[in-house]
Amino acid sequence: MADENQELRKAGLKVTLPRVKILQMLESSEDHHMSAEDVYKALMEAGDDVGLATVYRVLTQFETAGLVVRHNFDGGHSVFEIARGEHHDHMVCLDSGRVIEFHNEEIERLQQRIADEHGYELEDHSLVLYVKPKKS
């Protein structure tokens with residue numbers, strides 16, 4: 001819990017039990033991309049009494065403070081992941097909803113080249129591939 005307290009203080013947020021619990025849930029989850037509802041359900045299953053409105057409010061505060069990144073994948077469904085400062089792209093499985101993170105230097109170079117060829121400097125980007133399992 002000391003690490004979470006430090007992260008919250010560093011982000012300029014007051015240390016409260018709901019914030020600590022939500023940050024712990026995001027950091028310890030096997031699923032790196034969780035909706036507010038996912039966080040809420042996981043907290044309830046763990047016996048933590050944090051309301052859904054509080055989860056939404058805290059996740060928005062975390063996003064503003066730079067602790068989490070919000071993604072709006074297929075259907076406008078928002079999911080959050082801890083901001084680790086490392087760039088990566090995503091694939092979303094249309095069958096299962098599973099989010100797969102990946103990094104590919106060739107894609108990164110190609111995006112940079114495309115921006116250069118059009119006379120622009122690439123500031124940021126987001127790449128999401130929507131995929132389905134191959135049929136055997």
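**Figure 1. Arg113 in helix α5 of the predicted model.** In this predicted model, Arg113 lies within helix α5, which covers residues 105-117. Its relative accessible area of 48% falls short of the value over 50% that an exposed residue must have, and Arg113 is therefore classed as partly exposed. Between the C-alpha atoms of Arg113 and His71 there are 25 Å of space, while 42 residues separate the pair along the chain.

**Figure 2. Glu81 in strand β2 and the residues around it.** Glu81 belongs to strand β2, an element that runs from residue 77 to residue 82. Because its relative accessibility is 3%, Glu81 counts as buried, the limit for that class being under 20%. When residues up to four places away in sequence are set aside, the contacts of Glu81 include the histidines His32, His33, His71, His88 and His90. Leu67, Val68 and Val69 are likewise touched by Glu81, as is a further glutamate, Glu101. Met34 is 47 residues from Glu81 along the chain, yet the C-alpha atoms of the two are separated by 6.7 Å.

**Figure 3. Val69 in strand β1.** Strand β1 comprises residues 68-73 and contains Val69. With a relative accessible area of 33%, Val69 is partly exposed. Leaving out residues up to four places away in sequence, Val69 touches Val79, Phe80, Glu81 and Ala83; the contact with Glu81 links this view to the preceding one, in which Val69 appears among the residues touched by Glu81. His33, another residue in contact with Glu81, lies 9.4 Å from Val69, C-alpha to C-alpha, although 36 residues separate Val69 and His33 in sequence.

**Figure 4. The largest nonpolar core.** The largest nonpolar core of the model is made up of 21 residues, and those with the most contacts inside it are Ile22, Leu26, Val39, Val55 and Phe62. Two or more residues of this core are supplied by each of α2 (17-28), α3 (36-45), α4 (52-65) and β2 (77-82). Helix α2 makes the greatest contribution, with five residues. In soluble globular proteins, nonpolar side chains tend to be buried together.

**Figure 5. Helix α2 and the surroundings of Ile22.** The buried residues of α2 include Arg19, Val20, Ile22, Leu23, Met25 and Leu26. Apart from neighbours within four places in sequence, Ile22 is in contact with Val39, Leu43, Val50, Thr54, Val55, Val58, Leu59 and Phe62; of these partners, Val39, Val55 and Phe62 are also listed, together with Ile22 itself, among the core residues with the most contacts inside the core. At 1.5 Å a residue, the expected span of the twelve residues of α2 is 16 Å, and this agrees with the separation of its end C-alpha atoms, which are 16 Å apart.

**Figure 6. The chain as the setting for the close-up views.** Five helices and five strands make up the secondary structure of the chain, and in sequence order these elements follow the pattern α-α-α-α-β-β-β-β-α-β. Along its principal axes, the C-alpha trace spans about 50 × 40 × 25 Å. Of the 136 residues in the chain, 32% are buried, and of the contacts between residues at least 6 apart in sequence, 43% join residues at least 24 apart. The accessible surface of the chain amounts to about 9000 Å², with 49% belonging to carbon and sulfur atoms. The side chains include 15 positive and 26 negative ones, and the centres of these two sets lie 4 Å apart.

Conventions:
Residues numbered from 1 in each chain as written. Predicted model: local features only at pLDDT ≥ 70, side-chain atom pairs only at ≥ 80, totals over all residues. Heavy atoms only, no water. Core = buried A, V, L, I, M, F, W, Y, C linked by side-chain atoms within 4.5 Å. Buried < 20%, exposed > 50% of the residue type's maximum accessible area, 1.4 Å probe, protein only. Helix = DSSP H or I, 4+ residues; strand = E, 2+ residues; numbered from the N terminus. Contact = heavy atoms within 4.5 Å. Expected span 1.5 Å × (residues − 1). Areas by Shrake-Rupley, 256 points an atom, 1.4 Å probe, with all protein chains shown as cover. Lys, Arg positive; Asp, Glu negative; His and termini not counted. Charge placed at Lys NZ, Arg CZ, Asp CG, Glu CD.
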